[in-house]
Each structure stands twice: as structure tokens, then as C-alpha cells.
Amino acid sequence: MKKLLAGAAIAVLMAASPVVAQTPPNVLVIGQIAEPQTLDPQVSTAANDFRILTNVFEGLVRFAEGTLEVEPALATEWTISDDGLVYTFTLREGVTFHDGTPFNAEAVKFTFDRMLDESHPFYETGPFPLSFNFADVTETTVVDEYTVEFTLGTPFAPFLTNLATNTGVIVSPSAVEEFGDEFGRNPVGTGPFRFEEWASNTRVVVSRNNEYWGDPAGVETVVFRPITDANTRVAEMLSGGIDIMVEVPPDNVAMFADDPTFTVYDAVGPHVWYVMLNAKEGPFADPLVRQAANYAVNKETLVNDVLQGTADVSAGPIPPAFAWAYNDAVEPYPYDPEMAQQLLEESGVEDLAVTFYVTEGGSGMLDPIPMGTAIQADLEAVGFDVTIETYEWNTFLAEVNPGLEGKADMAEMAWMTTDPDTLPFLTLRTAAWPEEGGFNSSYYSNVDVDEMLDQARMETDPEVRAALYRDVQQVVHDDAPWIFVANWKQNAISTANVEGFELQPDFNLTLRNVTKQ
Amino acid sequence: MGGYILKRLAYAVPVIIGLSIIVFGIMAAIPGSTALAILGSFATPENVERVNRELGLDLPIWQQYFVWVGNILQGDFGHSYILRRPVLDEILERFSATLILAGASLILCSIFGILAGVVSAVRQFGWTDRIVTFFVLIGISTPAFWLGLLFILIFAVQLRVLPASGMYAVYGGGDLPDLLRHLILPAVTLAIVATGVIARLTRAAMLEVLRQDYVRTARAKGLDERKVIYRHAFKAALVSIIPVIGIQAGFVMGGAVYIETVFQWPGIGAMLVNAISTRDIILVQGGVLLVATTYVLINLLTDVAQALLDPRLKT
Amino acid sequence: MTQALATTSTSVSTARLSSWSLLLNNRLATAGLIILTVIGAIALLAPWLPIPNPNTTLPANRLQPILSDGHLLGTDHLGRDILSRLIWGSRVSIAVGVSATLIAALVGSLIGLVSGYARGTTDNVLMRGIDMIMAFPYILLALAIVAVLGPGLLNALYAIAIVNIPFFARNVRGITVGLASREFVDAARLSGKTHAAILFTEVLPNVLPVIVITMSTTVGWMILETAGLSFLGLGAQPPQADLGSMLGEGRRLLFTAPHVSIIPGLMIFALVMSINLLGDGVRDVLDPRLRAGDLTRPLSVTRVKRKTAPAPVEASDAILDVRGLETSFQRGRATVPAVKGVSFALRKGECMGLIGESGSGKSVTALSLLGLVASPPGVITDGTVAIEGEDVFSRSETGIRALRGAKVAYVFQDPLTTLHPLYRVGEQIAEAITAHQRIGKGEARARAIALMEQVGIRDAKDRVDAYPHEMSGGQRQRIGIAMALANDPDIIIADEPTTALDVTVQAKILDLLQNLRKERGMALLLITHDFGVVAQVCDRVAVMKDGEIVEAGETAELLRAPQHPYTQKLIACVPELGQGKAFLETVRPLFAEGKP
């Protein structure tokens with residue numbers, strides 16, 4: 001027994017003695033929030049996967065760095081027909097996929113047909129959950145080797161921005177043919193990094209693509225490590241196990257900011273965090289009560305104290321990250337409990353008992369429980385009686401998406417989108433009520449808003465489109481279908497020897513310019 | 001003995017079949033769906049329906065079950081909907097990680113638990129006994145996941161002597177010392193509660209055995225006290241300690257859920273939590289069956305070990 | 001927990017006072033009780049305590065450190081007062097822990113009772129169900145329950161209750177199986193009671209202590225489990241505080257504001273620890289063996305604490321000379337003598353009988369001679385035992401050990417319990433030899449076989465590898481004797497060596513002892529309650545009653561003319577063949593005096 005113990009002690013000492021090594025230069029280790037689900041760009045739906053994908057794949061267009069405006073990528077230029085139905089792209093020549101397959105119009109057609117055409121031989125490699133972004137495409141035509149044409153059934157203004165998202169990137173046809181279902185674990189694109197290895201639950205490794213058509217990447221290798229627990233991620237950052245971490249818990253940001261060995265990054269993004277209010281029944285059926293709720297909640301405290309300044313107060317359904325379509329004139333509801341009480345009196349609504357669905361976590365939900373609890377306290381201070389029910393994310397969606405009717409009066413929700421159209425179109429139109437197949441789970445309805453949104457979707461003139469969205473913001477703000485709470489500023493931490501890293505407004509993690517000493 | 005083992009295995013069959021039905025039923029009863037997990041905010045009824053159709057999830061739940069059973073009988077555990085890889089690959093990989101972690105902490109808790117229990121029984125009411133009792137109480141009164149975080153804070157962040165998480169270094173490493181280095185913190189954390197339980201029961205078992213007539217016989221023979229305690233009393237106590245270790249083995253596997261999450265250990269506990277939240281029925285099934293089978297085998301192993309130790313139990 | 005205690009003390013109401021005093025005697029348990037009472041009282045009084053509302057948020061004032069103004073323990077991530085939440089949270093956690101335990105105990109015990117009593121298919125089905133629960137990942141169960149019943153601590157509580165059912169079921173079943181085959185249950189069955197009535201009136205009362213013991217150890221677990229559940233997000237609904245969710249929420253701030261999680265962590269620790277300490281105390285009180293002090297570790301030599309300085313050993317021809325031996329047992333704080341001033345001597349080669357009814361102190365006397373009385377509770381309180389002219393109790397432990405099995409060997413009563421069940425008999429004999437002689441393993445084995453042959457075991461070469469349970473009672477006792485002979489002792493102390501055997505075997509064993517004694521010239525101290533045995537083998541005899549020797553003398557003389565009425569009774573109790581009913585007639589008047 002004693003020998004055994006001594007042996008164990010020696011083993012422990014031996015194992016513990018070497019100080020944990022820093023990651024080598026030229027190798028960048030990224031702390032991810034979870035194991036990727038798939039690296040097939042058309043199959044993937046998670047921001048966590050996109051952070052890897054965006055470095056391996058490219059689309060015809062991309063968002064210019066630091067903006068949400070499109071610029072050329074694999075296409076060098078494009079034209080749009082006057083009726084907004086035909087998009088013609090001229091492709092970059094001399095580009096090859098990582099497996100040597102040449103990039104051309106056929107590859108583009110293959111990519112979109114695979115996702116949209118149910119009779120395509122590789123449609124089976126799906127499902128392609130986000131293909132509805134391109135649902136209006138009726139045909140993709142190869143005009144010549146380097147020209148491709150998309151024909152739309154109806155005008156669809158967000159089409160170009162959707163092409164810049166990760167769902168619109170081009171995959172290597174020969175790799176899809178070779179790997180079939182397994183393409184998601186063997187991705188091949190044209191991006192600045194090529195895929196090397198995916199060790200399940202441990203790491204995904206990509207390396208510099210030396211044949212890249214643009215400037216080659218600054219580091220040789222990038223390792224993506226899944227670390228699901230936020231505390232553990234922070235601990236790994238502190239102990240030198242990773243070089244960059246994303247989605248830093250708000251309370252830890254200040255700690256890193258005070259430490260000169262780390263660099264803190266933040267960037268606004270197209271994110272909205274709100275509480276939907278059931279406009280069909282209960283106290284929130286009265287717009288005055290909904291406005292009262294907006295006055296009652298102290299949003300400044302929520303973003304500055306609960307979220308530690310990692311978010312800004314939100315004014316309406318369109319986040320300021322869409323600078324071109326954002327209405328600066330719309331001011332957030334101020335924190336004014338007296339005003340709230342006055343409005344409640346005015347409304348004459350007596351029964352202020354409400355049920356509040358809160359989730360425990362979920363994409364873009366920030367700190368849902370503390371935020372929900374703080375909102376509950378604020379509402380109770382002006383006379384509401386709020387009962388919180390918490391659900392795990394999947395259950396939460398299953399409860400909220402079919403509509404709140406008969407179950408709840410309010411529910412937390414958050415969206416990250418890349419076009420100002422997406423969120424209002426899916427959640428504010430009358431035609432988006434749950435029974436119609438949309439996400440307007442709280443039954444807001446305003447004919448003017450419906451009309452403006454439909455019009456903006458068809459409009460190809462960006463100026464006219466922008467004006468419509470600005471009007472939508474004002475109307476929706478006044479109708480108060482939600483409590484507008486926060487626009488998240490995404491954040492990240494890197495060690496001080498990482499340079500050239502910037503966060504992008506589309507929540508992607510662009511690593512081609514990053515270097516590390 | 002062989003017949004007995006076969007009989008025990010036969011008993012396990014209905015348990016496992018029953019479990020598989022219950023798991024399917026529960027997974028069907030829980031709100032939410034795989035499609036929701038895939039689509040997230042974009043889960044319109046239309047999209048949900050399309051994804052379900054493409055995954056074969058549009059069948060009634062009992063049909064899905066029989067399809068699954070049919071596949072299992074052909075040795076096919078199916079494909080995970082979310083991970084898009086064969087369930088068998090995933091669970092075996094995950095399970096071996098859990099086995100390493102649980103095995104290491106089972107060894108730790110058996111050695112230290114038994115040692116502490118014996119020492120504190122032999123030195124009953126002495127200072128050693130009190131100190132052991134105190135640490136045992138700390139062990140069984142502290143939530144393990146919280147202790148794990150504390151360990152990370154101390155050993156990985158402050159002292160920087162051990163890695164904070166993971167099973168192997170992401171770059172370089174991959175050898176046995178690397179594994180051991182990563183194993184220490186989670187294995188110790190996981191072992192703490194079980195060590196306490198085993199120590200308490202060992203102490204009680206030793207005290208009970210030390211009162212037995214045959215221990216008095218050993219003394220009457222003039223054996224020295226160490227032989228009396230470690231040869232005569234301990235062997236007899238071991239007969240009742242072994243089932244406790246068996247139960248703890250089950251617990252350690254269960255507790256692994258928390259520890260695997262905290263230490264980012266790529267084990268089956270953390271996988272099951274994920275698979276449940278994404279409603280990945282087939283993966284949950286595979287994982288539960290593997291865990292249940294292990295549980296059955298641990299039970300069997302415990303009984304066999306007990307029978308080997310105690311000739312009276314041989315049938 | 002206090003409720004559980006209350007039921008405990010009523011169920012054993014006759015022993016109520018002593019139970020309490022026993023519990024309070026246990027210092028650790030008392031500490032646990034005090035801590036628990038204080039926490040419980042504070043938690044109960046929460047509504048009347050001058051503490052802030054636990055749910056008032058003030059995010060601007062968040063994460064205040066300990067001892068900050070107006071917040072003794074600081075504030076949490078929403079600026080709520082931690083002290084206040086701690087007190088209200090304890091209230092919830094204790095309630096959850098206790099009620100989940102009660103549910104698990106109720107359901108689990110019922111399953112265990114039915115399963116252990118009915119056996120057969122019912123047992124099989126129920127136990128396979130229990131297996132399923134144990135093999136089931138319980139977060140899945142928790143999720144399912146929350147999904148069906150809706151979120152909330154109360155519903156999560158059912159999940160932890162279910163997970164703990166198997167412990168109760170298994171423990172209770174184990175004991176019920178044993179009880180169901182006992183005589184009193186058979187009797188109840190024959191008297192026409194229904195199964196349910198038997199279960200609840202006959203079996204349940206006997207199982208109750210085990211249920212209570214399991215409960216006391218489970219409550220602490222349950223509180224920890226709520227912490228685990230809230231780690232998974234299944235627990236109290238905001239803004240309600242429970243210790244588990246406080247810990248779960250606070251753990252995210254471990255790097256920036258550790259006190260937010262450390263405080264509830266310490267509280268859980270204090271609570272669970274006090275419950276465990278108290279639980280151990282309750283277990284000790286309820287377990288009859290612990291009560292008798294039977295679960296304390298016996299020392300290798302009986303404690304010696306003589307009231308008077310031992311008289312110097314006088315020279316005599318006796319190889320064993322006992323003078324004024326007094327052995328006592330500690331009962332609580334009192335010391336009760338079981339052997340009172342016993343003196344006798346044994347000469348070389350002589351056989352002496354020590355006779356008396358059970359409880360007369362004869363076995364304690366025999367065990368006292370080499371300090372083999374279990375201690376605690378046994379203490380040698382007076383007298384000397386001289387072996388070869390030296391006082392045994394003045395020797396060191398090693399010195400006494402050198403005598404045991406070498407100069408003086410014991411043969412015990414029931415060879416089934418006195419032989420080690422897990423070692424082969426050959427090993428056990430060989431071990432007796434090697435304890436005192438330096439010989440190799442092979443030689444020891446050969447000697448063991450030889451000894452077995454000497455005590456009349458046929459096929460000794462085959463039987464040497466048998467386990468005790470594979471032998472008959474008579475053979476086992478022969479092994480016991482072989483073990484005693486291993487080192488050619490001068491004295492054999494045989495403590496009721498034939499009592500556990502049937503009559504024909506008895507005679508053979510006695511013959512064997514007698515022959516060996518004569519062959520080897522050993523002295524034999526024979527402890528028995530049977531004058532027939534004494535008459536057969538003993539040269540002299542001493543009669544013991546209530547710890548004292550009431551009469552002693554040559555066997556033949558004493559048998560012919562017993563002086564003490566007790567001796568007369570014992571002699572009369574030896575039936576003679578063919579005496580029949582007349583035996584009872586002669587015995588009856590001797591015992592009539594005791595009756596009213």
C-alpha cells in the first residue's frame with residue numbers, strides 16, 4: 001500500500017512539474033464556446049461554426065471590414081437588372097479550391113443547386129436550414145466559365161447581403177462529391193486558411209493557404225478549442241492556454257482590461273435583445289401598458305451594471321449597426337417610473353399579474369436570468385406582479401415560437417441578423433403570426449408596418465429602402481410591441497502578443513490579418 | 001460461476017430494453033426538437049417540417065423507435081442528427097475519455113477512502129480519526145463542480161502548475177505524461193465525494209469486523225496487531241467495502257457530468273447533456289445504453305469480486 | 001430534520017430519555033444539532049428578522065464586498081443583499097432537502113418492503129425497475145419532469161427524490177428479505193393476518209430504524225443535489241433564492257467576486273455537515289449494537305486499571321494462579337463488575353472445570369486471563385493472573401502476545417464464528433505456528449496437516465485447503481483444537497468447546513481433549529455449563545454464579561456432596577438416560593422457590 005502511494009505521489013509530481021507551456025508563435029489558439037456542429041457552410045446554423053468557416057470559405061461578395069456593406073470577394077463585379085430579378089456576377093479568375101479544383105461558374109451553380117434543388121444529386125448531404133435566405137432564387141445559370149447569373153422569382157432586396165453571409169459561400173464540388181455526408185467534417189473552400197484536422201471535442205485545426213489569391217494569412221496555424229464553460233474559458237485565458245477568446249462574460253471584461261498582458265476588443269453588431277409583450281390578450285393588449293413597461297425598466301442599469309457596459313441601450317427593432325438604415329432620431333424610452341405609473345392609471349388596466357418566460361441561455365441571449373430578474377424587479381416597482389418561468393433554450397423556443405397565447409404575457413428574445421429586413425420581417429408583421437409560419441409570437445399587428453416592410457423588401461434603391469426602415473423604427477417604437485432593451489457589443493480578449501485582430505460587425509472572426517509574436 | 005454470470009447478464013436485458021423505451025418516450029415528451037436545435041431562431045414551421053423530413057424525424061415516435069431497434073439489431077447505432085457522425089464513433093470516443101477519468105478517480109477514491117477509513121477505525125477517537133473525519137465531512141459536504149473551479153483557480157491560474165482544462169494539450173503533447181497532467185485536477189475533484197463515502201463505510205465496516213469472534217481468535221493465537229488488523233479484519237471488511245465501491249463507481253460516472261463540463265473533459269456525461277439539449281434522440285439512446293450497460297457490468301464485477309473474496313458466496 | 005428526530009424519539013419512546021442523553025453524549029452530534037438548530041431557527045425567523053428584502057435589486061450597487069455599509073455579507077450581481085438571500089435561501093433548501101428525502105423514503109421503503117416480502121416475480125420486476133433508475137442519467141429525468149410539470153424548484157425536487165429512491169428500496173429490501181423468513185413473521189402468517197397487515201405491523205417496525213438512518217444521511221445529499229440541479233438550470237425560479245441557485249449563479253463570478261459563491265458554498269457546507277454529524281449521532285443511537293458500545297474498536301489487550309496495586313506474586317506450584325480477579329464493563333459512565341474477586345489455581349497437567357449458567361461470568365473470567373475481553377467496554381479492575389510466576393497484567397502488550405497461543409492457547413465455543421471465514425483452515429493453523437516459530441511456509445503447511453491428523457481429521461491432506469464453511473461442526477472444532485495445539489502450550493483454555501455441537505460429536509471432542517491432555521501433559525481449564533461434561537473430564541471444579549466462585553473442590557467430592565444450593569441445582573439438571581419424566585419431577589422443586 002505504501003509503495004503504491006509513493007508511486008502515485010511521484011507520478012503526480014512528475015506530471016505536475018513542468019510549467020504549462022505557452023502556445024508556440026505562429027500558432028494561434030482560439031477559445032470557442034462549443035464544439036462545432038458541422039463545417040459544411042450551407043448546413044451550419046451556429047455563429048460558433050461560422051467563426052471557423054469564414055476563414056476557410058469565401059462567397060461571391062463579403063462585408064467590407066468593420067462594416068455591413070458588401071464588397072467584391074470571389075466575384076469582381078456584378079450587375080442587377082432594373083426589375084431587381086436578375087443578378088449577374090463576373091468571377092475572379094485563377095482561384096483554386098484547397099483541393100486543387102478550379103473555382104468557376106460551375107462551382108457557384110453547384111453550391112446553390114445543392115442547397116436549393118431537391119433533385120440535385122447532393123441535396124441529400126443536407127438539410128440546409130438557412131437555404132430560405134435564397135428561396136427566391138429560381139435559377140442559377142452558368143453564362144460562361146467566369147460569369148454566373150441568378151434569376152429571382154420576386155424582387156428581394158436583401159439578396160446581396162445574404163450572399164455575403166456564411167450560407168452563401170462557395171464549396172468545392174469535387175470535395176462534396178468525394179466526401180458526401182462527411183463534407184461537413186472535411187470542408188474545402190477557397191479561403192485564406194485550409195482545413196487540416198478535426199479531433200472531436202478537442203480541436204479543429206486550420207493552416208495557412210499558401211496559394212491564396214489575396215494577401216496570405218499572418219499565422220501558420222490556427223487551433224480552435226471548444227470550451228463550453230465560460231469560467232473555464234476565462235481560466236484558460238488567464239493561464240495561457242488560449243490566445244484569443246470570444247464572448248467574454250461581462251464581469252470578466254473589466255478584469256482583463258486592467259491587465260496589460262491582455263487586449264480587450266469590442267464592436268457593435270446587428271444584435272437586438274428585447275422582451276416581447278403579448279399584444280393579443282392580458283394587460284399588454286393595451287399599448288399604454290406596453291409603453292408603461294418600456295418606461296418602467298431601467299435599461300441604463302441593465303447595460304451598464306448587469307451587462308457591465310458590454311451592450312448599449314436599444315431604441316427600436318433595428319440596431320444601429322445597420323448605419324445606413326438606422327434612424328438616429330428615435331430615442332430610447334427613458335427610465336421614468338412615474339411616467340409608467342401615470343400611463344398605467346390612464347389605461348385603467350387593473351389586473352397587472354403577468355407571466356414572464358425567461359431562458360437559461362441561448363444564442364445571443366447574454367445573461368438572460370439576471371436580466372429577467374432585474375426587469376421583473378423594475379416592473380414590480382411600478383405595480384406589475386411578475387411571475388418568472390425559466391426554461392432551457394430548446395424548451396424555451398418550443399414554448400415561445402408557437403405563440404404566447406394562453407401561456408405567457410412576456411418573453412425574452414434576441415436576434416443577430418445581417419440585414420435590417422430580417423428581424424422585423426420575421427417578427428413584426430401580421431403575416432408573421434405563429435399560425436402563419438413566422439416568429440411574431442406576441443401578435444403585434446400594424447397595417448402600416450406590414451406595408452412598409454413588404455415595400456422595402458422589393459425596393460432595389462438603397463436610399464428609398466433605408467427611408468422605409470427609418471419610418472418602421474419610429475412607428476414600432478411608439479407602438480411598443482416589445483420592451484426594447486439592449487444592443488450587444490460583441491467582445492473578445494487576446495493576449496498582448498496578438499496583433500491585427502479586429503471584431504467584425506457580422507459576428508464573424510476574420511483571422512487573415514492576425515499575426516502573433 | 002459462469003452460469004451465474006450468464007443469468008445476471010440475462011437479467012440485464014429487460015432493464016436495457018425498458019430503458020431504451022423510456023428514453024425514447026421521455027425524449028418525445030420533452031418540448032423542443034432537433035429541428036429547433038438546428039434552426040434556433042429560424043425555426044419557422046416550414047423550416048422545421050423540412051428539416052424533420054430530411055432527418056427522418058417526421059415519423060411517429062414509435063415508428064422511429066422500431067427503425068432504431070431494427071438498425072441496432074444490425075449493429076448500426078445510427079447517425080447523430082446534430083453531430084452528423086456515426087453515433088458509435090462518438091459514444092466510444094467519449095466513453096473512453098469518461099472511462100479514463102472515472103477509472104482514475106475510482107482508483108484514487110478507493111485507495112484514499114479505504115486507507116482513511118482503516119486508519120480512522122484503528123485510531124478510533126484519536127487525532128488521526130478526527131482529522132480524517134473532518135476531511136471526509138468536507139468532502140461529502142461540498143459541491144464538486146464548485147470545488148473544481150476552485151482547483152482551476154489555484155492550480156492553473158495562480159500557480160500555473162497544471163492545465164485548466166481539456167484532455168490533451170492542443171498543440172504538441174498527446175503522450176501519457178500529457179494525459180496525466182490533464183487528468184489530475186478533474187480526477188481528484190471527482191474522487192473527493194466518493195473518497196468521503198468510502199472512508200466512512202470502511203471505518204464502520206472495520207469497526208464491525210474488529211468485534212468479530214474470529215478477530216479475537218487471531219489475537220488469541222498471539223498474532224501481532226498489524227496482522228490482526230490488516231490480514232484478518234481488513235480482508236473481512238473488504239467484503240462489505242466492495243459493493244460500496246461498486247455503487248460509488250456508478251456515482252462517479254454520474255458526477256462526471258458536472259466535472260466534464262467544468263474541466264472541458266470530452267466525456268460522455270457532457271455529451272449527454274448536450275445531446276439532450278439538442279434533442280438528439282439517437283445519440284442520447286446510444287449514450288444511455290452504453291452507460292446503463294457499464295452500470296450492469298460494474299454491478300456484476302462487484303458481485304464477482306465479492307464472491308472471489310468470500311468463498312461462502314460462491315454458488 | 002428536527003421533525004425526523006421527533007418521530008425517531010417517539011418510535012423508541014421507552015428509551016426516549018436515554019436516547020436523548022446518548023445523543024447529547026456524542027459531542028460531534030451535539031455540535032451538529034446546535035449548528036442545525038441555529039441555522040434552522042434563523043431560517044424560520046426570516047420574516048421577522050431586521051434584514052432587507054432578499055429580492056430588492058439595485059444593480060448600481062452590485063457586488064459590494066463583505067462588511068460593506070448596510071450589507072454585512074455584501075451584495076450579489078443584481079445588488080441584492082447576500083445575508084438576506086442566504087437566510088431565505090436556507091429556508092428553501094432545508095425544506096427541499098427534507099421533503100425530497102421524505103418522498104424518496106416513503107416510495108423507496110414501500111418498494112423495498114413489498115419486494116423483499118413478496119420475493120419471486122414481484123421482487124424481480126421491482127428490482128429491475130430500481131436498476132433502471134440507477135442506470136438512468138438523472139438530468140434527463142429532471143428535464144422530463146420539468147417538461148411535464150413545468151419549471152420550478154418543487155418539480156425539480158421530484159427528480160432528486162426519484163434518484164434517491166433506489167437507496168431506500170435496496171436497503172429496506174435487504175433487511176425485509178431477512179425478516180420475512182423469521183419465525184415471528186411465520187407465526188403472524190399462520191395466525192391468518194393479511195399480507196398487508198404483516199408488512200405494516202410486523203415487518204415495518206423492525207425496518208424503521210434503517211429507514212431513519214438512511215434518511216438522516218440522505219438529507220444532506222439532497223441539498224447538495226439542488227445545487228447540482230441549479231448548475232443545470234433546473235431549480236428555484238427567479239427571484240426566489242435557494243442555496244443551490246445562489247451557488248450556481250455566483251460561480252460565474254468566481255474570478256471577480258468570489259464571495260458571492262463562497263458564502264452560499266460555506267453555508268451549504270455548514271448545513272450538510274451539521275446534518276451529517278447529527279445523522280451519524282442518530283444512527284449511533286438507533287443502532288442497537290452501537291448503543292452497547294459494540295462498534296468501538298477493541299484494543300489488542302484488555303485495558304488494565306486496577307483499584308489496588310497488585311500484590312506481589314507468591315511462589316506456588318500452580319502454572320496458572322488467579323487471585324482476586326475483577327473484570328468490569330463500562331456502561332455509560334458507570335463501571336459494572338462482571339467478575340468479582342475470582343481466585344483459583346491450575347497445576348501442571350491438571351484439568352479444572354469452571355461451571356456456571358450463562359451470564360455467570362465464567363467466559364469473561366477465561367478471556368480475562370490473557371486480556372482478551374473486548375475493551376472497551378471491558379476493564380480489568382483488580383487482581384492478578386500469574387502464569388509461571390509472573391503477573392500477566394504487568395507485562396507489556398508484546399509480552400502478553402508472546403504468551404497467547406504459545407504458553408496458553410484457547411479453544412472457543414462456536415467454531416463457525418471463531419474461525420476466519422475467508423481463509424483456508426490449513427492457513428489458519430499454519431498462521432498459529434508461524435506467529436511464534438520461525439519456519440517456512442511449506443513446513444508450516446506440513447505441520448498443519450500433521451496437527452489435523454492428530455486431532456483426528458481424516459484426509460487431512462485434502463481438507464487442509466477447505467474453508468471453514470465447507471466442514472461439519474465437529475470437524476471445525478477439531479481445527480480449533482489443532483490451532484490451539486500448534487505451539488505445544490502448557491495450558492489450554494477451552495471455553496464451552498462442545499456447546500455448539502450435537503451430543504455424539506460432543507463426546508468425541510471431549511475424548512480428544514482428554515487424550516491430548518494426557519499425552520502431552522497439558523493443563524486444561526474447561527469452561528462449561530454442563531456438569532455431565534465436568535464429571536467426565538475434570539479433576540477439580542469451581543462453580544460460578546453472578547461473577548463469583550460459590551463453591552470449588554475435587555470433582556468427585558463436589559458431585560457427591562454439593563454444598564451450595566446453586567451447585568445442587570446445576571447437578572440436578574444433568575439428565576440421565578432412561579430417567580424420563582422422573583427427571584422433571586426431581587428438578588421442579590429445586591426451582592419452585594424462585595416463583596411467587
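Student: Which residues of H3(C) are buried?
Tutor: Keep in mind that this is a predicted model. To call a residue buried, look for 20 or more other C-beta atoms within 10 Å of its own. In H3(C), the buried residues are Ala29(C), Gly32(C), Leu33(C), Leu36(C), Ile39(C) and Ala43(C).

Student: Around the axis of H3(C), how wide an arc do they cover?
Tutor: Start with the general idea: an α-helix has 3.6 residues a turn, so residues three or four places apart point the same way. The buried residues of H3(C) do sit on the same side of the helix, because the arc they cover around the axis is only 140°.

Student: And which residues are exposed on the other side of H3(C)?
Tutor: The test runs the opposite way here, since exposed stands for 12 or fewer other C-beta atoms within 10 Å. On that other side of H3(C), the exposed residues are Arg27(C), Val38(C) and Ala41(C).

Student: How far apart are the end C-alpha atoms of helix H3 of chain C?
Tutor: Try predicting it before you look. Helix H3 of chain C has 18 residues, and at 1.5 Å a residue it should span 26 Å. The model agrees with that, because the end C-alpha atoms are 25 Å apart.

Student: Where does UniProt place the "transmembrane region" feature in chain C?
Tutor: That label comes from an unreviewed UniProt entry. You can lay the label over the model: residues 28-49 are 77% helix and 0% strand, while residues 94-117 are 100% helix, with end C-alpha atoms 34 Å apart. UniProt's full list for chain C is residues 28-49, 94-117, 138-163, 207-232 and 253-279.

Student: How many residues of chain C are in contact with chain B, and how do they divide by class?
Tutor: On chain B, 55 residues take part, and they meet 57 residues of chain C. Several helices of chain C give two or more residues to that side, among them H5 (120-135), H9 (195-231) and H11 (259-286). By class, those residues of chain C divide into 36 nonpolar, 13 polar and eight charged.

Student: What about chain B itself: how many helices and strands does it have?
Tutor: Walk along from the N terminus and each element of chain B turns out to be α. Its C-alpha atoms fill a box of roughly 85 × 55 × 35 Å along the principal axes. The count for chain B is 12 helices and zero strands.

Student: In chain B, what share of the contacts with a separation of 6 or more comes from residues 24 or more positions apart?
Tutor: Of the 315 residues of chain B, 57% count as buried. As for its contacts with a separation of 6 or more, the share from residues 24 or more positions apart is 71%.

Student: How much of residues 131-159 of chain B is helix?
Tutor: The unreviewed UniProt entry gives that span, and also residues 95-119, as "transmembrane region". Residues 95-119 are 100% helix, with ends 35 Å apart. Residues 131-159 have end C-alpha atoms 26 Å apart and 0% strand, and their helix content is 90%.

Student: What is the phi of Gln264(B)?
Tutor: Most residues other than glycine have a negative phi, but Gln264(B) has a positive one. You'll find Gln264(B) in the loop between H10 (225-263) and H11 (268-277) of chain B. Gln264(B) counts as buried because it has 28 other C-beta atoms within 10 Å. Its phi is near 50°.

Student: Is Arg279(B) buried or exposed?
Tutor: Arg279(B) also has a positive phi, about 55°, without being a glycine. Arg279(B) lies in the loop between H11 and H12 (281-309) of chain B. With 25 other C-beta atoms within 10 Å, Arg279(B) is therefore buried.

Student: Which element gives the largest share of the side of chain A that touches chain C?
Tutor: In this interface, 25 residues of chain A are in contact with 20 residues of chain C. Elements giving two or more residues on the chain A side include helix H6 (230-238), helix H9 (299-306) and strand S16 (385-391). The largest share, seven residues, comes from H11(A).

Student: How far apart are the centres of domain 1 and domain 2 of chain A?
Tutor: Domain 1 of chain A is made of 27-243 + 497-516, and domain 2 is 268-488. They do touch, with 14 residues of domain 1 in contact with 16 of domain 2. The domain 1 side has nine nonpolar, four polar and one charged residues. Taken over C-alpha atoms, the separation of the centres is 31 Å.

Technical notes. Residues are numbered from 1 along each chain as its sequence is written. Chains are lettered from A and ligands numbered from 1 in the order in which they are written. This is a predicted model: local features need pLDDT of at least 70, side-chain atom pairs count only at pLDDT 80 or more; totals for chains, interfaces and linings use all residues. Domain bounds come from an automatic or database domain assignment. Two residues are in contact if their C-beta atoms, placed from the backbone, lie within 7 Å. Ala, Val, Leu, Ile, Met, Phe, Trp, Tyr, Cys and Pro count as nonpolar, Asp, Glu, Lys and Arg as charged, and the others, Gly among them, as polar. UniProt positions are given in the numbering used here, feature names are shortened, and annotations may be inferred rather than shown by experiment. Helices (H or I, at least four residues) and strands (E, at least two) are DSSP runs, numbered from the N terminus. The expected span of a helix is 1.5 Å times one less than its number of residues. The arc is that of the directions from the helix axis to the C-beta atoms.
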